[in-house]
Amino acid sequence: QVQLVESGGGLVQPGGSLRLSCAASGSIVSFNDMGWYRQAPGKQRELVAVLTTDNRRNYLDSVKGRFTISRDNAKNTVYLQMTSLKPEDTAVYYCNAAGARWFWGQGTQVTVSS
């Protein structure tokens, strides 16, 4: 069992930046993919960014060029650097570890508003 704890969310103005962190209670190297999802009110959860074990990165079209996913295996932590934030980025962001089993964090709220 792996526990994932997100942090770094908050309220930011349009155009601002935030860095989300996802700290795992165990090693993340055994997972095929580490990713970030988000869910806005009234909408389905969507994949925002994923980082594979061979360091391939895939992004939701609407965040390409603005968001960057990275990992620090030594710290068992995955990051999501978000820049040029827009109001439509407002959502609860969830960390995901995908392998033989899937694990989710509890989510962190990101609100982009002036």
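Which residue forms a salt bridge with Asp-54? It's Arg-56, and the legends below start there. This is a predicted model, in which local features need pLDDT of at least 70, side-chain atom pairs count only at pLDDT 80 or more, and totals for chains, interfaces and linings use all residues. Residues are numbered from 1 along each chain as its sequence is written, and side-chain values use heavy atoms, with hydrogens and water left out.

**View A. Asp-54 and Arg-56 form a salt bridge.** Their closest N and O atoms sit 3.1 Å apart; a salt bridge here is a side-chain nitrogen of Lys or Arg within 4 Å of a carboxyl oxygen of Asp or Glu. Asp-54 is partly exposed at 49% relative accessible area, and Arg-56 is partly exposed too, at 47%. (Buried is under 20% relative accessible area, exposed over 50%, and partly exposed in between, with a 1.4 Å probe and protein chains only.)

**View B. Two asparagines have a positive phi.** Most residues other than glycine have a negative phi. Asn-55 comes in at about 65 degrees, in the loop between β5 (46–52) and β6 (57–59). Strands are DSSP runs (E, at least two residues), numbered from the N terminus. Asn-76 has a phi of about 50 degrees and lies in the loop between β7 (67–72) and β8 (77–82). As for accessibility, Asn-55 is partly exposed at 47%, whereas Asn-76 is buried at 18%.

**View C. Four strands make an open sheet.** The order is β1-β3-β8-β7, with antiparallel pairing; two strands pair if DSSP finds at least two bridges between them. At the edges are β1 (4–7) and β7, each pairing on one side only. Inside the sheet, 6 bridges join β3 (residues 18–24) to β8, and Leu-20 stands opposite Leu-80 in β8.

**View D. Lys-64 pairs up with Asp-61 in another salt bridge.** The closest N and O atoms are 3.0 Å apart. Lys-64 is partly exposed, with a relative accessible area of 49%, while Asp-61 counts as exposed at 59%.

**View E. Salt bridges with shared partners link up into one network.** Its members are Arg-38, Glu-46, Arg-66 and Asp-89. Within this group, Glu-46 bridges to Arg-38, with 2.8 Å between the closest N and O atoms. What is the burial state of Arg-38? Arg-38 is buried, with just 5% relative accessible area, whereas Glu-46 is partly exposed at 30%. The structure holds 5 salt bridges.
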